[in-house]
Amino acid sequence: MNTMLDVVTFGEAMMLLVAGQSGPLEQVETFHKRTAGAETNVAIGLARLGLNVGWASRLGTDSMGRYLLAAMAHEGIDCSHVMCDAAQKTGFQFKGRVTDGSDPPVEYHRKGSAASHMGVSDIDEAWLTSARHLHATGVFAAVSESTLPAAARTMNLMRAAGRSVSFDPNLRPTLWASPELMRASINDLATRADWVLPGLEEGHFLTAETTPEGIAGFYLQRGASLVVVKLGSAGAYFQSNADSGYVPGFPVAQVVDTVGAGDGFAVGVISALLDGLSVPEAVKRGTWIGARAVQVMGDSEGLPTRAELVAAGL
């Protein structure tokens, strides 16, 4: 285990089965096995850039759990706080393929999974606060009734320890009891973060604001020091207490798979800010990695190494 971690994240990893061809999932006969999970996508991306990353979760001891644990360890991620429970099952999902650049169909099989049994007792405070930064998402909070208070607790502990916290709302309506509960819970968590990273549509739903400037202002007024609103192919808008502006997106010849783009964007912004770069530079890195992510089939295949980042001048 690393004595000093750069980033820690808590969340559910799932085995991902990606369709080998387009069409309705029930008609697809071949699938490719990959890893999935908003937090683990970010963990993988940061680890590939050379940061020391810790991931806390629960998995079953089934073949899917063993596959995921090995995949994360292979990326150099500290998995010392991943509990493997023989009594629980690992979650998995199917993802279809599309040819028109739209969002692919995704089918989850995660209810009652090992990760859904995570709670406040899974938090090792000393390990968590040994890190410089916590990346949190709205997905972990939504997995079960016990993960929501756990998510809030991790953010509170890091803020109290003087560490930085990023938060991606990452809305998953199917995991929440109601849209109202989702809005209230996500906005409550966002008040515990330094850097808030909503998408434009997410931000509109959460804040009722229609512009990137309005969305950013909503979270700045509630305690954030930086808000970056993702604008898809148009890039992103950032606003802090000191500065604001638009950063254009990177052109993409063909969109293969939109899933994972937001996680790639988070990897770019978080890594650059921890590297000491300016906010505009961090957002530029985020848009570049997000653009790479949509050009590949899996959720994390497009995440670059540090050498690729340097070669791109980012």
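How many bridges join S4 to S5, and do the two strands run parallel or antiparallel? Strands S4 and S5 run parallel and are joined by 6 bridges. One opposed pair is Gly54 and Asp78, the latter in S5. Strands count as paired if DSSP finds at least two bridges between them. Helices (H or I, at least four residues) and strands (E, at least two) are DSSP runs, numbered from the N terminus.

The model is predicted: local features need pLDDT of at least 70, side-chain atom pairs count only at pLDDT 80 or more, and totals for chains, interfaces and linings use all residues. Residues are numbered from 1 along each chain as its sequence is written, and side-chain values use heavy atoms, with hydrogens and water left out.

Strands S4 and S5 belong to an open sheet of 9 strands with mixed pairing. Its order is S5-S4-S1-S8-S9-S10-S11-S12-S13. Strand S5 (78-85) and strand S13 (244-247) are the edges, each pairing on one side only. On its other side, S4 pairs with S1 in the parallel sense over 4 bridges. Here Val7 has Val53 of S4 as its bridge partner. Strands S11 (residues 226-230) and S12 (residues 236-240) run antiparallel and are joined by 5 bridges. Leu226 stands opposite Ser240 in S12.

Strand S4 (residues 53-60) is mostly covered, with 8 of its 8 residues buried. Buried means under 20% relative accessible area, exposed over 50%, and partly exposed in between (1.4 Å probe, protein chains only). Val53, Trp55, Ser57 and Leu59 point one way from S4, while Gly54, Ala56, Arg58 and Gly60 point the other way. In a regular strand the side chains alternate between the two faces of the sheet.

Two helices lie across the sheet. Helix H5 (residues 147-160) crosses S1 (5-10), S8 (131-137) and S9 (164-168), at about 150 degrees to S8. Helix H9 (residues 261-274) lies across S1, S8, S9, S10 (195-196), S11 and S12, at about 160 degrees to S8. Axes are lines fitted to C-alpha atoms, for helices over the stretch in contact (heavy atoms within 4.5 Å). Angles run from 0 to 180 degrees between N-to-C directions.

Helix H1 (residues 38-48) contains Glu39. This helix is mostly covered, with 10 of its 11 residues buried. Glu39 is buried but has no salt bridge. Such a bridge requires a side-chain nitrogen of Lys or Arg within 4 Å of a carboxyl oxygen of Asp or Glu. The nearest side chain of opposite charge, Arg110, is 6.3 Å away. Lys and Arg count as positive and Asp and Glu as negative; His and the chain ends are not counted. Beyond four places in sequence, Glu39 touches Thr9, Phe10, Gly11, Glu12, Thr137, Val139 and Phe140.

The largest nonpolar core holds 41 residues, and Phe10 and Tyr219 touch the most other members. A nonpolar core is a set of buried Ala, Val, Leu, Ile, Met, Phe, Trp, Tyr and Cys residues joined through side-chain atoms within 4.5 Å. H5 supplies the largest share of this core, 6 residues. Another core, of 39 residues, lies apart from it and includes Ala13, Ala43, Leu68 and Val82.

Two loop residues other than glycine have positive phi. Asn170, between S9 and helix H6 (179-190), has phi near 40 degrees. Asn170 is buried, with a relative accessible area of 10%. Ala208, between helix H7 (200-207) and helix H8 (212-220), has phi of about 70 degrees. Ala208 counts as exposed, at 59% relative accessibility.
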